[in-house]
Amino acid sequence: MNKSLNYQNTVIIVGKFKGLGGVESVHKNLFNTYKKMGFDVLKISNFNSFISLFFRVNSEVKIVYFSGLSIFFSPLFLFCKKHVFFVHGFYVHEQDTINIKRYLKKYFYEFITSFCLIFYRWVVCIAPSPVSSLINSFKYSRNVKVVQWGVSDEYLNYPLNNNKYKYHLSFLGRPNSQKLNISSMDLIIEKFIDSKIVCSAEDLNIAFLMPQDNKYSLSLINNVHEKYRCSINKFINFSNLEICSILSKTLYYFNCYEWEAFVITNIEALC
């Protein structure tokens, strides 16, 4: 850590950075945005990074951000001027079989965060949408402010030079049964063919932009290919600029989310 840090202009982000989910994306974008604004930004993602910070801080830090269960450690950061908690919830998606393990995780998460926020009255809570804000205001019995999550400047500033497209359909996000399923894919392809943009399903060119491949995505994409014999392109863990390039060459972006709190992929596609 840089010993010459000006802690009056320092921001701390406590939570996960390794990973490919919405929470991790918010943390990374927050980190990059503050960096571009000239702030010193410290990431606290494990015990070692916390200890390293704890023994170096000798003045007040401007702001500290928490998400998930990291809110439990808020009292250890009382040297920070302002505490902000990302209220993003713990979603259990609809499926035929009940996932007991995930329901238990949801219960544990909501119990810990609710318990902490009863006593941590100094914490400011923010949510990504009015609906999320309203629900969590009732859940935590406190005011939850609405702050729309942003996306990387690389998406906002990406130039669109023409409207020619290479891919008819593009999916952006993590492939799982909540965000992408075969019945939804069937419906999308059926409606696309009805639009007369292509003569048959075999003429379709589909792009899947995913942070990683897994058994579910392999099975689903294989089923789509075998059923429709269309062209399928997989782009795994591409950079923001590479994703921008692919989306700019796409006629239609789609997702099958039952619920998407952050909506980052939708905004990225619109940019």
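Let's start with a salt bridge: Glu 110 pairs with Lys 139, and their closest N and O atoms are 3.3 Å apart. Glu 110 belongs to helix 3 while Lys 139 sits in helix 4 (residues 130-140), so this pair ties together parts that are 29 residues apart in sequence. Keep in mind as you look around that this is a predicted model. As for cover, Lys 139 comes out partly exposed, at a relative accessible area of 32%.

Glu 110 has another partner. Lys 106 also forms a salt bridge with Glu 110, here with 2.8 Å between the closest N and O atoms. This one stays inside helix 3: Lys 106 and Glu 110 are 4 residues apart, which means about one helical turn separates them. Lys 106 is partly exposed too, at 23% relative accessibility; that value falls in the partly exposed class because buried means under 20%. Put the two bridges together and you get a network of salt bridges linking Lys 106, Glu 110 and Lys 139.

How many salt bridges does the structure hold? The count is 4. Another of them is found in a separate pair of helices, where Lys 227 bridges to Asp 186 with the closest N and O atoms 3.1 Å apart. Here distant parts of the chain are linked, since Lys 227 is in helix 7 (residues 215-228) and Asp 186 is in helix 6 (residues 182-194), 41 residues apart. Are the two partners buried or exposed? Lys 227 counts as exposed, with 52% relative accessibility, whereas Asp 186 is buried at 19%. The Asp 186 value is just inside its class, because the cut-off for buried is under 20%.

Now back to helix 3, this time for its nonpolar side chains. Tyr 107, Phe 111, Phe 115, Ile 118 and Phe 119 make a nonpolar surface patch of about 600 Å². Take Ile 118 as one member: it is placed in helix 3, which covers residues 100-119, and it is exposed, with a relative accessible area of 52%. Tyr 107 counts as exposed as well, at 58% relative accessibility. Phe 111 is partly exposed at 48%; the label follows because exposed means over 50%.

Some of those patch residues lead straight into the aromatic story. A search of the whole structure turns up 15 aromatic pairs. One of them is Tyr 107 with Phe 111: the ring centres are 6.4 Å apart and the planes are at 20°, so the pair is stacked. The cut-offs are worth a glance here, because rings pair when their centres lie within 6.5 Å and count as stacked when the planes are under 30 degrees apart. Tyr 107 and Phe 111 are 4 residues apart in helix 3, so about one helical turn lies between them.

Tyr 120 and Trp 122 give another stacked aromatic pair, at 5.1 Å centre to centre and 20° between the planes. How covered are these two? Tyr 120 is buried, at 11% relative accessibility, while Trp 122 is partly exposed with 37%.

Elsewhere, ring pairs join Tyr 34, Phe 39, Tyr 65 and Phe 86 into a cluster. There is also a charge over a ring to look at: the charged end of Lys 43 sits over Phe 31, 4.9 Å from the centre of the ring.

For a look at a buried spot, go to His 168 in strand 7 (residues 167-172). His 168 has a relative accessible area of 11%, so it is classed as buried. What is it in contact with, leaving aside neighbours within four places in sequence? The list is Phe 192, Ile 197, Val 198, Asp 203, Leu 204, Asn 205, Thr 250, Leu 251 and Tyr 252.

Finally, step back to the whole protein. There are 9 helices and 10 strands. Of the 271 residues, 44% are buried. Among contacts between residues at least 6 apart in sequence, 68% join residues at least 24 apart. And on the outside, the protein exposes about 15200 Å², with carbon and sulfur atoms supplying 56% of it.

Conventions:
Residues numbered from 1 in each chain as written. Predicted model: local features only at pLDDT ≥ 70, side-chain atom pairs only at ≥ 80, totals over all residues. Heavy atoms only, no water. Patch = residues over 30% accessible without salt bridge, like charges linked within 9 Å, V, L, I, M, F, W, Y side chains within 5 Å. Areas by Shrake-Rupley, 256 points an atom, 1.4 Å probe, with all protein chains shown as cover. Helix = DSSP H or I, 4+ residues; strand = E, 2+ residues; numbered from the N terminus. Buried < 20%, exposed > 50% of the residue type's maximum accessible area, 1.4 Å probe, protein only. Phe/Tyr/Trp six-rings, centres within 6.5 Å; stacked < 30°, edge-to-face > 60°. Lys NZ or Arg CZ within 6 Å of the ring centre and 35° of its normal. Contact = heavy atoms within 4.5 Å.
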